[in-house]
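Subject: Structure handover

Hi,

Here is the structure I promised to pass on to you. Please open it alongside this email, and my notes follow underneath.

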Amino acid sequence: MKKILVFNAGAYIYGAERGLINFIRTLSDKFEITVVLPSQGPLSKKIEKLNVSLKIFPIPILKISLSPLYYIFFPFHFIFSVIYFSIYAIRKDIEIICSNSLLLVFPAIVAKFTKKRHIWYLREFLPSSFLNKALGAFIIRFSNQIICQSQAIREALLGKERGIIIYEPLNATDYKIYKSDLARSELNIPIKSTVISIISRVHPSKGQYEFIVDIKRTLKKNPNILLVIAGDISPNNLRNRLYKAKIEKLIEGDTLKNVVLLGFRDDVDRILSLSNICVFPFKRKEPFGISVAESLTFGKITFFPQVGGLKEVRDIFGRGNDFSIDRICEIASNFEPARVEKLQELYIPEELSIATYKNKLIPIFEN
């Protein structure tokens with residue numbers, strides 16, 4: 001079997017990481033895969049249960065940091081990682097090197113030095129069009145094949161001609177529809193409350209703080225409305241820690257007892273089952289939006305900015321509400337949850353099916 005060395009930037013299970021799990025499940029029967037993660041975490045625990053090898057290594061990741069030490073040590077970290085994994089790829093007879101994040105640049109250099117095939121799986125873009133074009137030029141130069149998670153990603157980084165688009169699949173077997181009252185009781189959430197959920201990692205671009213500021217008057221006026229925030233910060237990032245602290249200070253200072261920070265959750269299906277309204281108050285264009293797609297799959301009232309990759313999600317499902325604070329407050333204030341909910345079936349469009357994903361992904365690595 002061909003040997004694949006795939007690098008991932010995160011240790012928690014958010015968009016790219018969930019994409020990595022789909023990637024492994026699809027290819028592990030046909031290829032010998034080694035996954036490199038920057039640290040132990042929820043993702044490593046999941047990967048340990050799959051048919052792959054796992055290597056923990058503090059790989060260099062491009063990011064915006066408030067610490068000057070990051071920028072001082074990054075070049076040395078980068079060079080060391082290139083040397084180490086070049087030797088590793090040769091000794092282990094690796095045939096394909098795969099970057100599972102835009103923020104992992106060094107694997108492309110490793111592939112070039114060792115003359116290995118490099119496949120870059122792009123799952124995000126940067127807020128700067130200049131940086132996107134510069135990085136896009138590098139990606140084109142140092143990749144044999146480029147996979148984009150959405151048309152928005154391809155256009156931002158590569159233009160309209162290069163790369164192949166493979167939407168992240170939603171596998172019905174990964175989800176369970178819970179009875180709302182049971183899911184709420186397990187998390188001590190009032191049965192009769194109207195639940196607004198934000199399901200996303202806590203990050204300045206995701207807009208959790210700004211949304212609380214915009215909706216806090218409604219929350220104070222209607223204690224029966226509960227805002228549930230499921231997600232947490234990326235570890236070892238001062239900017240993210242400060243943003244989360246800002247949210248916690250706002251909640252405490254305004255005594256918003258009906259705002260609940262659940263932290264990182266692996267049971268997204270449980271959170272969706274207990275939610276009445278799902279909101280995604282993103283502050284920038286999103287590359288795609290797996291959580292948004294999941295909310296629509298569960299049939300929830302879903303609000304999100306319909307630009308970038310999220311517009312593609314809207315087009316795929318044919319529904320979804322444009323983001324509006326006034327409309328969210330209006331629906332939440334007048335919402336009357338049914339006492340007995342009928343369990344529904346999940347709706348997964350063909351474009352997001354596992355079958356479509358496999359048919360597009362496997363040939364890229366076999367050829």
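Below are notes on a sheet, a pocket, a salt bridge and a cavity.

Before you start, please keep in mind that this is a predicted model.

**The sheet**

Let me begin with the strands. Six of them make up an open sheet, and following the order across it you would read S10-S9-S8-S11-S12-S13, with parallel pairing. At the edges sit strand S10 (259-263) and strand S13 (321-322), each of which has a pairing on one side only. Helix H8 (residues 208-221) packs on this sheet and touches strand S8 (194-199), strand S9 (225-230), S10 and S11. The direction of H8 makes about 170 degrees with that of S9.

If you want to look at one pairing in detail, try strand S11 (residues 277-279) with strand S12 (residues 301-304): the two are joined in the parallel sense over three bridges. Within that pair, isoleucine 277 stands opposite isoleucine 301 of S12.

**The second largest pocket**

This pocket may be of interest to you. The second largest pocket holds about 420 Å³ of space. Its lining consists of 20 residues, and those closest to the centre are Arg18, Arg25, Lys46, Asp174 and Asp266. Sorted by class, the lining has 10 charged residues, eight nonpolar and two polar.

Which helices each supply at least two residues of that lining? They are helix H1 (15-27), helix H10 (268-274) and helix H11 (290-297). H1 gives the largest share, with four residues.

**A salt bridge between H1 and H11**

The count of salt bridges comes to 14. In one salt bridge, the side chain of arginine 18 meets that of glutamate 294, with an N to O distance of 1.7 Å. The pair links distant parts of the chain, as arginine 18 lies in helix H1 and glutamate 294 in helix H11, 276 residues apart. Arginine 18 has already come up above, among the residues closest to the centre of the second largest pocket.

**The cavity**

Finally, how many cavities of 30 Å³ or more does a search of the whole structure find? The search finds one. The volume of the largest cavity is about 30 Å³. Around this cavity you will find Ile166, Tyr167 and Pro169, together with Glu351, Leu352, Ser353, Thr356, Tyr357 and Lys360. By class, the lining of the largest cavity divides into five nonpolar, two polar and two charged residues.

Happy to talk any of this through whenever it suits you.

Best wishes

Technical notes
Residues numbered from 1 in each chain as written. Predicted model: local features only at pLDDT ≥ 70, side-chain atom pairs only at ≥ 80, totals over all residues. Heavy atoms only, no water. Pairing = 2+ DSSP bridges. Contact = heavy atoms within 4.5 Å. Axes fitted to C-alpha atoms, helices over the stretch in contact; angles between N-to-C directions. 1 Å grid on protein atoms, 1.4 Å probe; cavity = no way out; pocket = protein on both sides within 12 Å on 5 of 7 lines; lining within 4 Å. Points joined across faces, edges and corners; volume = space filled by probe spheres on them. Nonpolar A, V, L, I, M, F, W, Y, C, P; charged D, E, K, R; others polar. Salt bridge = Lys/Arg side-chain N within 4 Å of Asp/Glu carboxyl O.
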